[in-house]
Amino acid sequence: MPFAIDYSLCVGCGSCIGNCPNRAIIRRGGQVAVTNMCCDCGICTQYCTMSALSRGPVKTELNNKKIDKALKQKLGLQKHIAAMKFADSAPQGVTVEQGPHFWCGICGDIFDGEGQPVFFTAKASSCGGCANIGIGAVKATREEFETALNAQVIGEGNLYADKEVMAINRSLFPRYPKVSGGMVLGSLDQVRMPDAIIFPVNGRQLCMISTAFAFDTGEIIIGYAGKSTCLMTVSAPIAENRPVFSAGDHGGRMFMRLQDEEIVVCFPYRLVPGLVKNFDRTTFAQE
Ligand code: SF4
Ligand code: SF4
């Protein structure tokens, strides 16, 4: 149960609607209502002058193991779900990835159920993609960036884009509210309270997800194509708190070991509990 509104106090001003980071509050049937997309952050209470908003009777389910299990079961996922958690240093017990490695390659390992969570840094990254996911960008010198680009990933017919395209991607760094020292990458069942999750789906599973996500709010999920997988999948969920789907790029697909029918979806974690709850309300649950 999400946050609740005391209708004896609510005057329907709508101040809470525009100030909910999850866009979880809507107008329905002439009333303001809190939907399942609420993650119990409590921000809305600061904007209600009538003190009409308070915690509901049951907490939002944020337990990573339970969410992981529910997503896999409800969607019939065959692969694992990767979780991303930004941090400036490696949490206790998490191995620091030495590299050289690709973010997409580590995701591919996780999708296939391989390995333990690692702390991935710009230093361990073998391409400029670390900057696309908001780690290490301000610390990488131009020389380091050039070295990474020239190492193996640029040029006609090679895995990634050319230097000019990478430079355009790099100019998007300020979209991140914060550039972190690194990112914990691991299977969702092993990473508590991640910032975002990413996993491969087929067309039917994406339809199930988009239907559940839109259920109360009418929000759609936007897809991106044409740039690197990391930039197209991680930026929007982190910078704008909204999900995306993407076909990825050649290198990303290869390192993620995606099958032809698979694309990836990336969700801010705070939106996932509501998504899981809404699965049971969609037409797919009737089949
Ligand atoms: S997500 Fe946060 S701001 Fe939005 S309704 Fe729930 S508690 Fe309020
Ligand atoms: S801010 Fe408070 S009074 Fe205004 S619509 Fe939201 S719950 Fe009702």
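**Exercise 1. The surroundings of the two ligands**

How many nonpolar, polar and charged residues does the shell around ligand 2 have? Work this out for the predicted model shown above, and then describe the shell around ligand 1 in the same way.

*Solution.* Begin with the residues themselves: ligand 2 is surrounded by 14 residues, and the closest are Cys-10, Cys-13, Ser-15, Cys-16 and Cys-48. Sorting that shell by class gives 11 nonpolar and 3 polar residues, with no charged residues. Turning to ligand 1, there are 14 residues around it, of which Cys-20, Cys-38, Cys-41, Ile-43 and Cys-44 come nearest. The shell around ligand 1 divides into 11 nonpolar, 2 polar and 1 charged residues.

**Exercise 2. The sheet and its strand S8**

Find the order of the strands in the open sheet of 8 strands, and then decide whether strand S8 is buried or exposed.

*Solution.* As a starting point, the protein has 10 helices and 12 strands. The open sheet takes 8 strands in the order S6-S7-S8-S5-S9-S12-S11-S10, and its pairing is mixed. At the edges are strand S6 (95-96) and strand S10 (222-224), each of which pairs on one side only.

Next, look at the two partners of S8 in turn. Strand S5 (residues 82-87) pairs with S8 in the antiparallel sense over 6 bridges; in this pairing Ala-82 stands opposite Ser-187, while Ala-87 has Gly-182 as its bridge partner. Strand S7 (residues 118-121) also runs antiparallel to S8, and the two are joined by 4 bridges, with Phe-120 standing opposite Met-183.

Finally, consider burial along strand S8 (residues 182-187): 6 of its 6 residues are buried, so the strand is largely enclosed by the rest of the structure.

**Exercise 3. The largest nonpolar core**

Identify the residues with the most contacts inside the largest nonpolar core, and explain where this core lies with respect to the two domains.

*Solution.* The largest nonpolar core has 73 residues, and those with the most contacts inside it are Ala-82 and Ile-197. Both domain 1 (4-54) and domain 2 (64-286) give residues to this core, so it lies between them.

To see the contacts of one such residue, follow Ala-82, the residue met above opposite Ser-187 in S8. Not counting residues up to four places away in sequence, Ala-82 touches Cys-107, Ile-110, Phe-111, Leu-185, Ser-187, Ile-197, Ile-198 and Phe-199.

The protein as a whole can then be set beside this core: buried residues make up 46% of its 287 residues. Of the contacts with a separation of 6 or more, 71% are accounted for by residues 24 or more positions apart.

**Exercise 4. Backbone details in the loops**

Locate the cis peptide bond from Gly-99 to Pro-100, and then compare the surroundings of Asp-40 with those of Met-193.

*Solution.* The peptide bond from Gly-99 to Pro-100 is cis, its omega being near 0 degrees, and Pro-100 lies in the loop between S6 and helix H3 (103-111).

Asp-40 has a positive phi of about 70 degrees although it is not a glycine, and its place is the loop between strand S3 (31-34) and strand S4 (53-54). Because 17 other C-beta atoms lie within 10 Å, Asp-40 is partly exposed.

Met-193, likewise a residue other than glycine with a positive phi, has a value near 45 degrees, and it is found in the loop between S8 and strand S9 (196-201). Met-193 has 11 C-beta neighbours inside 10 Å and therefore counts as exposed.

**Exercise 5. Two buried loop residues**

Explain why Leu-258 is buried and why Ser-228 counts as buried, and place each residue in its loop.

*Solution.* Leu-258 belongs to the loop between helix H9 (250-256) and strand S12 (263-268), and it is buried because 21 other C-beta atoms lie within 10 Å. Leaving aside its neighbours within four places in sequence, Leu-258 is in contact with Pro-200, Gly-248 and Arg-253.

Ser-228 lies in the loop between S10 and helix H8 (229-240), and because it has 28 C-beta neighbours inside 10 Å, Ser-228 counts as buried. From C-alpha to C-alpha, Ser-228 and Cys-104 are 9.9 Å apart in space, although 124 residues apart in sequence.

Technical notes:
Residues are numbered from 1 along each chain as its sequence is written. Chains are lettered from A and ligands numbered from 1 in the order in which they are written. This is a predicted model: local features need pLDDT of at least 70, side-chain atom pairs count only at pLDDT 80 or more; totals for chains, interfaces and linings use all residues. A residue is near a molecule or strand if its C-beta atom, placed from the backbone, lies within 6 Å of it. Ala, Val, Leu, Ile, Met, Phe, Trp, Tyr, Cys and Pro count as nonpolar, Asp, Glu, Lys and Arg as charged, and the others, Gly among them, as polar. A residue is buried if 20 or more other C-beta atoms lie within 10 Å of its own, exposed if 12 or fewer, and partly exposed in between; C-beta atoms are placed from the backbone. Two strands pair if DSSP finds at least two bridges between them. A nonpolar core is a set of buried Ala, Val, Leu, Ile, Met, Phe, Trp, Tyr and Cys residues joined through C-beta atoms within 7 Å. Domain bounds come from an automatic or database domain assignment. Two residues are in contact if their C-beta atoms, placed from the backbone, lie within 7 Å.
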